[in-house]
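Hi,

Here is the structure I said I would pass on. Could you have a look at it, and then read my notes below?

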Amino acid sequence: MKTPPRPFAITLDPGSSMHNLTGSWRTMRPVYSHFLPPCNQACPAGEDIQQWLYWAEEGKYREAWEEISKNNPFPAIVGRVCYHPCEMGCNRNKLDLSVNIHAIERFLGDLAIEKKWSFKAGADSGKHVAIIGGGPSGLTAAYHLRRLGHQVSVYDAGPKAGGMMRFGIPKYRLPREILDAEIERIEKMGVRFEFNRTIDDVDALRKGGADAVFIAIGAHLNRKTEIPAKDACRILGATEFLREMEGAEPPKIGRRVAVYGGGNTAMDAARTAQRLGADEVMVIYRRDREHMKAHDFEAQEALDEGVHIHWLRTIKAITEDSITVEEMKLEGGTLVPTGREETLSADTLIMAIGQNVSSEFLKKLPGVEVRSDGTIGVDAQMQTGAPGVFAGGDMVPAERTVTNAIGHGKKAARYIDAYLQGTPYTHPEKPPLAKFDALNVWYYTDASRSRQEMLDRVRRKTGFEEIVQGLDEETAKFEARRCLSCGNCFECDNCFGVCPDNAVIKLGTGKGYKFNLDYCKGCGLCVEECPCGCIDFVPEVK
Amino acid sequence: MESKTVKFYQTGTFTVGNRLLSEEERHVQASAERTNSLNSGHRACQGCGEALGARYAIDAAMKATNGQLVAVNATGCLEVFSTPYPETAWQIPWLHSVFGNAPAVADGVAAALRVKGKKNIRVVAQGGDGGTVDIGFGCLSGMFERNADVLYICYDNEAYMNTGVQRSGATPPSARTATTQAVGVHPGNEFGVGKFLPRIAMAHRIPFVATASVANLHDLEEKVRKAIPIQGARYIHVFVPCPLGWGSLPQHTLKVARMAMESGLFPIFEAEYGKLTHSYKIRRQVKVEEYLRLQKRFAHILKEPATIGLLQKMADANIAEFNLMEEK
């Protein structure tokens, strides 16, 4: 075939630059990666927070809720009571303020309750697990084990499930209908409950058909201290006091109530006493505000509600209507008595100086390590010295929070499953941490943190209505969109746009991108301009 | 620039795209269907700002004209790296002239199209700073004063890069080039020389003059979109860092451009008929020194606070003249 004549002095047909594979220039190669966002790293329940925020950003709340549920079956509860270490880790703290993660989680949890979203149990495995204790840890383990198809029986010494979530955390922080709804959802997966049933023979349970046992009985025993008392005023333990709040009759207290201790339980007890109508509520604590165990916001809320806190005081003696305290001082971290005393007028004393585990019954189980403080020793797989017997929650040495207990429950379920299958469970390797320095923050818009409304102070003092209010949908979505998506692509198209060589291929919404290494010269512009720092830059190897 | 600012989604309007925006709200560059006017396989250096700027601008022009576009290209890096005979990286009707006459050739193309009655086809001329502010300046001024129906886009990388980094009329004071070495009493390019072409273009009182930066895609695309339908002479001056000539890291091309923009050293504005109408407001102000530190061409003045002070003064003067700070 004859080609058309070329113009004057032109000897070659036009060719395309595509013949020139500039990828051969490359010495460094960009690689799409996933890094571990600091929020995820900090979450005791091991949630993939960045991932569920990603769904929430799109308004895909069902997907977001299901992502949370992979790890934690209690978003509505945890969104209220967790102390959110994720927000401490949040990289956005270095820009303005952290993402209000817990408020979004609560929004998702509440939505799930409203929409009646439910969990599905896995295909029956034929194995049976007995769980002693129906608190956050036991319930979480039950949930995960049901998902994996195992039969689960939960035995609880109390009349209802929930453990400390019901008998420790006051209603004004966790309304009971929320608690009931999230527990009911787990119950509906086919978990068998036996209430008012104290188990003191683990061996019998195993002989009765349990292939594995998970013990999570919590720490309910009030720690005691010796106080000289003649005709003492009314003395209550904080845990009993808070537990009685769930009974038909509220506990009887006097008009002037003192709470001894400086932890979160002390604050809960004081604020509950305030709501029961005491004329005056005071907290007596031996250290100062800086060194207290309670979270500062809880102390602040207690103060806002009119609770008095006497810092640096120990109780020396009590009578029918007064408490004698001694002033202390902190010298280089140690408490030193000053000898100065004062007398406070009070007719009720609530002891909130810590809780112990009633682990006596485990001493007869061979191999189980019962420590001097009553806690139980477990290995990295949450297993006690007795094979097939696992333990978690407040009864093992760790920080005693709901979220931690949930994390224990999840972890234990994983290893119980492995134990039942007879195959070891290996946790996938964690990616490296997504550091703030890897972000290109210029691209993020200014957006200040959304705040949750608080119940009016007057109403807080007089009733048990929930104090902290939820976010509406628009606000929750806005807040989710404040997420920087550290170390994980959120499809902003920057890499696709800034490549001078068109060497980034867009795979379509939700599918991300890939590099066309035939033309990528390895300039690194995509790496530098990626807002969330999800592109790694690695040397080419020959 | 009067354009839609996406209110809030993590990154607002600043990133190229955004998975939550509708296709219409995204930038041209975010679309998998963009023209890719300047295709893969071109021979520009790693991290070339000009290659990127040219694709940004011409893709936006292609979108705005629905593909009815002719581009005339002056000699320079952009022509050399894209079109070594017999191959080309351009995927549009494209015409190469000589170094200095691109504005005149473009005017000729526009005249020919007019004669043929092809009113829907728009003409763009493009070149580097050497071809525009120095060699082609006579032709460009002529194009302006005739109010020729051409959009001229200059990609300013502040020296003759293609031939080996020689000083141009757009080279900033104290920058080291092959012809302004960092030696003598006034090392690098002298203060008080050179020209800022956008101001000269404004003096021609043509319908539209704008500056833009490769670091501000939203603004750049909007300006091209706005300029395309205007009848008469239009001029857009785009700031494009050159990693090779400036001694900056290839991955820092956009960072360098962003620093120039955010320090005020390169003002971003637009003007109609010689009058300033809009200017970009600095989002996160930086000191000029931060910009200088990224580039070896300024390495010799990093220990000269007095010289840095003079450059900072230039930036401050721009901020005042072009009103670059948001009023508080």
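A:R223 sits in the loop that runs between β7 (221-222) and β8 (234-237) of chain A. With a relative accessibility of 35%, A:R223 counts as partly exposed, and together with A:R286, A:K293 and A:R400 it forms a positive surface patch. Do keep in mind throughout that this is a predicted model.

There is a nonpolar patch on the surface too, of about 290 Å², and its members are A:I10, A:L12 and B:Y85. B:Y85 is worth a click for another reason: the peptide bond from B:Y85 to B:P86 is cis, with omega near 5 degrees. In general, most peptide bonds are trans. Both residues are in a loop of chain B: B:Y85 lies between α2 (77-82) and β2 (87-88), and B:P86 is found in the loop between α2 and β2 as well.

While you are looking at the backbone, check two glutamates. A:E491 is not a glycine, yet has a positive phi of about 60 degrees. You'll find A:E491 in the loop between α16 and α17 (494-498) of chain A, and at 9% relative accessibility it counts as buried, since the cut-off is under 20%. In chain B, the residue to look at is B:E158, with a positive phi near 65 degrees. B:E158 lies in the loop between β5 (151-156) and α6 (197-203) of chain B, and its relative accessibility of 9% makes it buried. For background, most residues other than glycine have a negative phi.

Now the salt bridges. Searching the whole structure over all chains turns up 55 of them. Here are a few from chain A.

- A:E66 and A:R62 pair through their side chains at 2.9 Å, N to O. They are four residues apart in helix α3 (residues 61-69) of chain A, so about one helical turn separates them. A:E66 is partly exposed at 38% relative accessible area, and A:R62 is partly exposed at 32%.
- A:R185 and A:E182 also meet in a salt bridge, at 3.8 Å from N to O. Their helix is α9 (residues 176-187) of chain A, where they are three residues apart, about one turn. This pair is buried: A:R185 has a relative accessible area of 7% and A:E182 has 0%.
- A:E465 bridges to A:R459, with 2.7 Å between the closest N and O atoms. A:E465 is partly exposed at 40%, and A:R459 is partly exposed at 43%.

Beyond the single pairs, A:R271, A:R275, A:E301, A:E305 and A:R460 are joined into one network by salt bridges that share partners.

How is chain A divided into domains? Domain 1 covers 21-34 + 489-539, domain 2 covers 40-117 + 446-479, domain 3 covers 128-220 + 357-421, and domain 4 covers 226-354. The centres of domain 1 and domain 3 of chain A, taken over C-alpha atoms, are separated by 47 Å.

One last residue to colour in: A:E474, in helix α16 (residues 473-480) of chain A. A:E474 counts as exposed, at 54% relative accessibility. Between A:E474 and A:M164 there are 33 Å in space, C-alpha to C-alpha, and the two are 310 residues apart in sequence.

If you only open one spot, I'd pick the cis peptide bond from B:Y85 to B:P86.

Cheers

Methods: Residues are numbered from 1 along each chain as its sequence is written. Chains are lettered from A and ligands numbered from 1 in the order in which they are written. This is a predicted model: local features need pLDDT of at least 70, side-chain atom pairs count only at pLDDT 80 or more; totals for chains, interfaces and linings use all residues. Side-chain values use heavy atoms; hydrogens and water are left out. A salt bridge is a side-chain nitrogen of Lys or Arg within 4 Å of a carboxyl oxygen of Asp or Glu. Buried means under 20% relative accessible area, exposed over 50%, partly exposed in between (1.4 Å probe, protein chains only). Domain bounds come from an automatic or database domain assignment. Patches are made of residues with over 30% relative accessible area and no salt bridge: like charges are joined within 9 Å, nonpolar side chains (Val, Leu, Ile, Met, Phe, Trp, Tyr) within 5 Å. Accessible areas come from the Shrake-Rupley method with a 1.4 Å probe; for residues, only the protein chains shown count as cover. Lys and Arg count as positive and Asp and Glu as negative; His and the chain ends are not counted. The place of a charge is taken as NZ of Lys, CZ of Arg, CG of Asp or CD of Glu.
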